[in-house]
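Me: I am new to reading protein structures, and I would like to learn how to go through one feature by feature. Could we take it slowly, with the general idea before the case at hand?

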Amino acid sequence: MARFIVRRSISAVALLIATSFLVFSFFELIPSYNPARAIAGRDANQTTVNEVARKFDLNKPFYIQYANTMKLVFTGQVIDYTDDLNVVDQFRQRLPVTVSLVVPAAILWLVTSVLLGSVSALRVGRLTDRGVMVAAIIGVSVPIFLLAALLLYLFAYKLTWFPNTGYTHFGDSPTQWAYHLILPWISIATLSVGFYSRVLRSNLLDMVNQDFVRTARAKGLPRRQVFIRHVLRNSIMPIITLFGLDFALLLGGAALVTETVFNLPGIGQYEASAIGNLDVPPILVGSIFTAFFVVAFGALVDLLYAVLDPRIRLSG
Amino acid sequence: MAERLLEVEDLEVSFVTEDGVVRAVDGVSFSLDRGEVVAIVGESGSGKSVTVMTLMGLTRSPNARFGGSARLGDRDLVGASERELESIRGQEIAMIFQDPISSLSPVHRIGDQIVEQIRAHEKISKAAAFDRAVDLMERVGIPRARDRARAYPHEFSGGMRQRAMIAMALSLSPGVLIADEPTTALDVTIQAQILNEIKQLSQEGDSGVIFVTHDLGVVADIADRVLVMYAGRVVEQGTLDEIFYDPQHPYTWGLLGSVTRMDREPPRRLPAIPGQPPSLANTPEGCHFRPRCPHAFDRCTEVPPLESRVPESPEHTDRCWLDVAEKRARREVDGRIGLNAAVPS
């Protein structure tokens, strides 16, 4: 166990460095990229821009710039080019919004896809199964910006059942919080429900024909118990793998489309505007942040695997 | 006369597939008494496994069709509701499967898997059920059973897993125990131990055992009576001695002839039955064995009924039109029983 944690931590550090270095390098390749001008502002004259470049060491080779920036990142002093805001503070303020969006959405999509996948597998070949699977394909295929816009148009603008974008803190009013987030939750969950329920259905159908399921029936267990304790229990692993990765990416800011459409002041929205402005520090911090979640949830998934399947031993 | 446990009559199982209707079991009848071991032998695809799984309702599926009856006490297993079957399975009929690694759930502890079965049928506490599971595991020869009950199947050897399977099958003292090739996946020494366990069970007199196998050596060890199945039908049925020393059906001769014996000079080529078993979606008219049988004649296009044809043993039945004296002459090949390709003139 200790060995597992140590090895995972080493690979996490290596991954964080590699990711941030790659992201930083990409910007060097963008022709119109000029951080000095971004910092100096749109209307600044060339002298000011040169001044800024000298002051922030932006004339030095890019690996030195990278080292300087990383130093600022890890001392928590890094500032974005566009609004002069402390990036780490921004992440700290915006994380609760993203968590509010992603965690309930994740619960929603997990529960829904287990239910739909199970129903589909239990009614395989019948109308229910076909209906669910067609719906799942649609869910996977509809782009999230389109779905989010459609939901907004229909339920917030036409029917006015839900507020037209915006965010309320949970601490201020839990009901308003949920009220504002229901549409965003649905738009994030839909894609995953479509994908997960199809994966689960095919796992379940493979598992139904396993010998130990036949044994469970031969023991005289009730159908429900055979299904839940034996079929579903043994089919859930691939879903957990998918879930760990998807959940980590969304927490790291991958919900940027949803946050932008619904005007939720989360990490994704910050990232989206940073990408638009070629503002490196938030993107750099964002990628480190995401990489951290991916490694952390990867390790958690492996731990969960070892708990769920006694045949699996932990390895770094 | 011993108490009758199970009476299977004219059992039919067919599956609707893309290639047509597959008649996996075509009119199988047999009975099982308390304390008796009935072996069902035949090659792969002869319908022996489908027959016994149907008794437990494990072949039920939307494309399966059933006929005939299988009476257990006053209930018919073929027509029983799923709910009735749930209470019968594991409690009145239990089954030991061929491959003990794939037949046990990989993610549950051995003891818990036995506990699960006990608690599906009896309202007792987990602790009491666990104690009983440990007793059962001890009874089938698993050492340090209390510790081992907390282990997972992958931590058991093949033989120990099969013992655990047997412990599970015995957990509610079922009247009928079905063993579907329980020793096929095991090596020979473990096989002998497992066979002994099963034999002991039947000799203790509480259960009747249906033993499905393709291994005639195992049959000779354990069976009281033998059913020989071919392409979905019972072609011959009799006591162990009748089948081994006075076999009536050419298919049985072929099976016996293809057994290599340690006490004889080994043949230069292992004898085999020529040809392939028929597709069950498209069986030949009349006797199913006709296309592979060197002794087939005109009448074989008519289905021979399973009936007593040997005057001195009325319980011995078979499906072959040949005259008894003729059969006894034709089955001798080089001083032993076999299926002779060349018909003596």
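What follows is a conversation about how to read this predicted model.

Me: Let me begin with the elements: how many helices and strands are there in chain A, and in what order do the elements run from the N terminus?

Reply: A good habit is to list the helices and strands of each chain before looking at anything else. Chain A has 14 helices and zero strands, and its elements, read from the N terminus on, run α-α-α-α-α-α-α-α-α-α-α-α-α-α. Chain B, by contrast, has 11 helices together with 14 strands.

Me: What box do the C-alpha atoms of each chain fill?

Reply: Here one lays a box along the principal axes of the chain and reads off its sides. For chain A the box is roughly 85 × 55 × 40 Å, while for chain B it is roughly 70 × 45 × 45 Å. For chain B there is also a radius of gyration to consider: a compact globule of 345 residues would have a value near 20 Å, and the 21 Å of chain B agrees with that.

Me: How much of each chain counts as buried, and what share of the contacts joins residues 24 or more positions apart?

Reply: Burial is judged by counting neighbours around each residue, and contacts can be sorted by how far apart their partners lie in sequence. In chain A, 35% of the 316 residues count as buried, and in chain B 47% of the 345 residues do. Among contacts with a separation of 6 or more, residues 24 or more positions apart account for 71% in chain A and for 64% in chain B.

Me: When two helices pack, what should I read from the pair α7(A) and α8(A)?

Reply: One asks how the axes are placed, and then which residues meet. The axes of α7 (residues 144–158) and α8 (residues 174–208) of chain A come within 10 Å and cross at roughly 145 degrees, and this crossing is right-handed. On the side of α7(A), the residues are I144(A), L147(A), A148(A), L151(A), L152(A), F155(A) and A156(A), and they meet L183(A), I186(A), S187(A), T190(A) and L191(A) of α8(A). By class, the residues of this contact are 10 nonpolar, two polar and no charged.

Me: Which residues in the loop between α7 and α8 of chain A have a positive phi, and are they buried or exposed?

Reply: A positive phi in a residue other than glycine is a feature to note, and the surroundings of the residue can then be checked. T160(A) lies in that loop with phi near 45 degrees, and T160(A) is exposed because it has 9 other C-beta atoms within 10 Å. T165(A) is found in the loop too, with phi near 60 degrees; having 16 C-beta neighbours inside 10 Å, T165(A) counts as partly exposed.

Me: What covers the buried residues of α11(A)?

Reply: First find the buried residues of the helix, then see which elements touch them. In α11 (residues 237–254) of chain A, the buried residues include F243(A), F247(A), L250(A) and L251(A), and also D246(A). Their cover includes α5 (87–122), α8, α12 (256–261), α13 (267–276) and α14 of chain A.

Me: Which residues touch the most other members of the largest nonpolar core?

Reply: A core can be read through its members with the most partners. This core has 156 residues, and the ones that touch the most other members are A39(B), A133(B), M137(B), I210(B), F211(B) and V228(B). The helix that gives the most to the core is α14 (residues 280–308) of chain A, with 12 residues. Leaving aside residues up to four places away in sequence, A133(B) touches G111(B), I114(B), V115(B), I118(B), A149(B) and S171(B).

Me: How many residues does each chain bring to the contact between chain A and chain B?

Reply: The size of an interface is often given as the accessible area lost when the parts come together, but residues can be counted as well. Chain B brings 22 residues and chain A brings 19 residues. On the side of chain B, α2 (82–88) and α3 (110–121) each supply at least two residues, and α3(B) has the largest share, with four residues. That side of chain B divides into nine nonpolar, nine polar and four charged residues.

Me: Finally, where is E285(B), and is it buried or exposed?

Reply: For a single residue, one looks up its element and then its neighbours. E285(B) is placed in the loop between α10 (250–257) and β11 (307–308) of chain B, and E285(B) counts as exposed, with 10 C-beta neighbours inside 10 Å. From C-alpha to C-alpha, E285(B) and P182(B) are 34 Å apart in space, and they are 103 residues apart in sequence.

Conventions
Residues are numbered from 1 along each chain as its sequence is written. Chains are lettered from A and ligands numbered from 1 in the order in which they are written. This is a predicted model: local features need pLDDT of at least 70, side-chain atom pairs count only at pLDDT 80 or more; totals for chains, interfaces and linings use all residues. Two residues are in contact if their C-beta atoms, placed from the backbone, lie within 7 Å. Ala, Val, Leu, Ile, Met, Phe, Trp, Tyr, Cys and Pro count as nonpolar, Asp, Glu, Lys and Arg as charged, and the others, Gly among them, as polar. A nonpolar core is a set of buried Ala, Val, Leu, Ile, Met, Phe, Trp, Tyr and Cys residues joined through C-beta atoms within 7 Å. A residue is buried if 20 or more other C-beta atoms lie within 10 Å of its own, exposed if 12 or fewer, and partly exposed in between; C-beta atoms are placed from the backbone. Axes are lines fitted to C-alpha atoms, for helices over the stretch in contact, and angles run from 0 to 180 degrees between N-to-C directions. A crossing is left-handed if the near helix is turned anticlockwise from the far one by less than a right angle, and right-handed if clockwise. The radius of gyration is taken over C-alpha atoms; the globule rule is 2.2 Å times the number of residues to the power 0.38.
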